[in-house]
Every structure is written in C-alpha cells, then in structure tokens.
Amino acid sequence: MIKVETDAHSGFCGGVIRAISTAEKLLAEKGAPLYSLGALVHNEEELHRLSGLGLESVGLGEAAMLPAGSRVIIRAHGEPPSTYAMLDAAGLETTDCTCPVVLRLQREVRMASQRSQVVIFGKIGHPEVAGLSGCAGDSAIVAETPGQIASACSSGLIDTSRSTELFSQTTMDPEAYMLAAQVLKEHMKAPVTVHDSICSQVASRQRQLGEFARSHDVVAFVAGSSSSNGKVLLELCRAANPRTYAVCSERDLQPGWFEGARSAGVCGATSTPKWLLERVARAIENL
Ligand code: SF4
C-alpha cells in the first residue's frame, strides 16, 4: 500500500486565513449577500464552498452598481486608492481584509514613489500588483521577468539616470527576484535600492517544499488554476521531483501516476485549503 503524507506547511497563509474567517464571520452574523471584490481566494474548490455560504464575487463595475449599504469585502491582495474612493462614493459598507504584509508594502511603495522611480517585479494584471501600482500613482513600471527589466532599461521605459527603488510582488520566486535585481543594477547609472518584499511565509515555504518533494516517489501538487503562488511552487516541486503532478482536486488524479510508487506527498499553494489537501491524500490512498 502506498504511504501518503500531507505537507504540514502547506495550506492557507495568514493573510488568506484572515480574509476567509472574516467572510465566514460576516456571513454568520448577518447572512447573505456578502460580496467580495474579485475572487476572495485563488482556489475554485474553496470559492465553491464559500459561495454555498452566500459569498458572491463581483468585479469593480458590478460593485459600483450595488445598492447603497451592500456589504463588500476587500481581499488579502489589497486594492488601489481609486477602489476605496469608488466604494465610498457608492455608499457601500466595506470590510478591508488587505493582508497586513501587503498594507505595509503599499505604504513603502507610496513613500518610494515620492522620492524615486519605482519598479515592481510582479505579474502584470495581478490584483496585488494593481494595488501597488495605484499606490505609486500609476507611475510604477511593472516587469514580470528579469528579461523584461532589461528590455525596459534598453527602451528607455526605465530611466536609467533616475534613482530607482525595486519592489517585488509578495509571492514571486525569490531566486527570480534576485536575478531581476542584478539585471536592473547592471543597466542602471543611478543608484538602485532593492526592497526585500517577498512575503516571509512564501519564502520559507519555498525553502521547505523542495525537500518535501524530494522525499517522496510521487507528488500531487494541489492549487487553483489562477494561483500565482501555485505556479511558482509547482515549478519548484517539479525541479525537485519530476514525478510532480498538478491537480485542482481529487477528481484530477490519475492512477497511472502512482504506479510502482511506495510514497506520495500532497502539498499546495498559500491559497489551497487544508481540507482539500486531506481530501486529495485520502483519494490517493483509495486509488
Ligand atoms: S502570501 Fe503573505 S503577503 Fe500574501 S496574503 Fe499571504 S501572508 Fe499576506
């Protein structure tokens, strides 16, 4: 029989736990409807569970049309200042669940933009990055890869003669961020300040996850299809163990993956609920 271990360090990070428990509390106190601006967590299974409790995801445009007094929750990724202004103008009752780590980063980006050129290393279009850019008055330059930083310097999008401060989205790969910083410094004529802005929960999970993946014959990595952190951690697991398979739930498991394996590890992203990891682990045992 295959031995299955669930990674004790996988599961929601502090910011996601806080946002979800706040939503559950608000729903228990006053019932539905409760609206979240965008998906509260990048995990379809957990969103399905929350929608069963009465939580509904809405876009900015839809939120602006809600009746005054409707309850809206801001998720852990945070929002730009323009969103708060819109929520105020629409008379909505807002609960801000921006992660304290992101709030601190937003403050730092705001201050940096008043004295320097700001470059953000993050996923273009990611809600956290949109929030950070908004805090810099939308003047920040966003790059997803070290190559994009090099191109932005060569094309003049990044002014290499201006003092510059570099920040990372909280869930980026620390090694890629180090490389991005190195590339930026190589191109710049003016001084560069590199801020250590990757979330410590993400960084420590990355260090430990490679070891976990190596210690098993097969790894099932559980994450929602739109989880940015999930994509980074999946690649890390694959590098440590080529027999790593990505699943959104136990329904994606394929028995052939586990042929000849004596042990399987189940792990996931900062947006993967523990209950889902356990369900995948039980399903592997029963294959
Ligand atoms: S990954 Fe870190 S910064 Fe992002 S929500 Fe979780 S605890 Fe907050």
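This is the transcript of a short talk on one protein chain and its ligand.

Good morning. The structure above is a predicted model, and I shall move from the whole chain to its domains, its cores, the ligand and a few single residues.

Let us begin with the chain as a whole. The chain holds 11 helices and 12 strands. Its radius of gyration is 21 Å, close to the 19 Å that the globule rule gives for 287 residues, so the chain is as compact as a globular protein of that length. Along the principal axes, the C-alpha trace spans about 60 × 50 × 25 Å. Of the 287 residues, 44% count as buried. Consider next the contacts between residues at least 6 apart in sequence: 74% of them join residues at least 24 apart.

We turn to the domains. The domain assignment gives domain 2 as residues 14-98 and domain 3 as residues 101-194, while domain 1 is made of two pieces, 3-11 and 200-285. The centres of domain 1 and domain 3, taken over C-alpha atoms, are separated by 31 Å. The contact between these two domains takes six residues from domain 1 and seven residues from domain 3. On the side of domain 1 that touches domain 3, helix 9 and helix 10, the latter covering residues 228-240, are the elements that give two or more residues. By class, that side of domain 1 has three nonpolar residues, three polar residues and no charged ones.

Next come the nonpolar cores. Which residues have the most contacts inside the largest core? They are Val119, Ile120 and Leu132, in a core of 53 residues. Helix 5, residues 100-113, provides the largest share of this core, namely five residues. Domain 2 and domain 3 both give residues to the core, so it lies between them. Ile120 may serve as an example of the packing there. Leaving aside neighbours within four places in sequence, Ile120 is in contact with Val129, Leu132, Ser133, Ala140, Val142, Phe167 and Gln169. Another core, of 24 residues, lies apart from the largest one, and Leu209, Val222, Leu233 and Leu236 are among its members.

Let us now consider the ligand. How many residues surround the ligand? There are 14, and the closest are Cys13, Gly15, Cys99, Val101 and Cys199. Three helices each supply at least two residues of this shell: helix 1 at residues 14-30, helix 5, and helix 9 at residues 200-214. The largest share, three residues, comes from helix 1. As for chemical class, the shell divides into eight nonpolar residues, six polar residues and no charged ones.

I shall close with some single positions, beginning with two features of the backbone. Most residues other than glycine have a negative phi, and most peptide bonds are trans. Against that background, the peptide bond from Ala32 to Pro33 is cis, with omega near 0°. Pro33 is found in the loop between helix 1 and strand 2, the strand covering residues 34-37. Asp138 is not a glycine, yet it has a positive phi of about 60°. Asp138 sits in the loop between helix 6, residues 127-135, and strand 7, residues 141-143. Is Asp138 buried or exposed? Asp138 counts as exposed, because it has 11 C-beta neighbours inside 10 Å, and a residue with 12 or fewer falls in that class.

Two further residues show how the chain brings distant parts of the sequence together. Ala150 belongs to helix 7. With 17 C-beta neighbours inside 10 Å, Ala150 counts as partly exposed. Not counting residues up to four places away in sequence, Ala150 touches Val183 and His187. Its C-alpha atom and that of Glu186 are 36 residues apart along the chain, and 9.0 Å separate them.

Ser163 lies in the loop between helix 7, residues 146-155, and strand 8, residues 164-168. Ser163 is partly exposed, with 14 other C-beta atoms within 10 Å. Beyond neighbours within four places in sequence, Ser163 is in contact with Ser116, Gln117, Ala190 and Pro191. The C-alpha atoms of Ser163 and Leu234, 71 residues apart along the chain, are separated by 35 Å.

Thank you for your attention.

Notes. Residues numbered from 1 in each chain as written. Predicted model: local features only at pLDDT ≥ 70, side-chain atom pairs only at ≥ 80, totals over all residues. Helix = DSSP H or I, 4+ residues; strand = E, 2+ residues; numbered from the N terminus. Rg over C-alpha atoms; globule rule 2.2 N^0.38 Å. Buried ≥ 20, exposed ≤ 12 C-beta atoms within 10 Å, placed from the backbone. Core = buried A, V, L, I, M, F, W, Y, C linked by C-beta atoms within 7 Å. Domains from an automatic or database assignment. Near = placed C-beta within 6 Å. Nonpolar A, V, L, I, M, F, W, Y, C, P; charged D, E, K, R; others polar.
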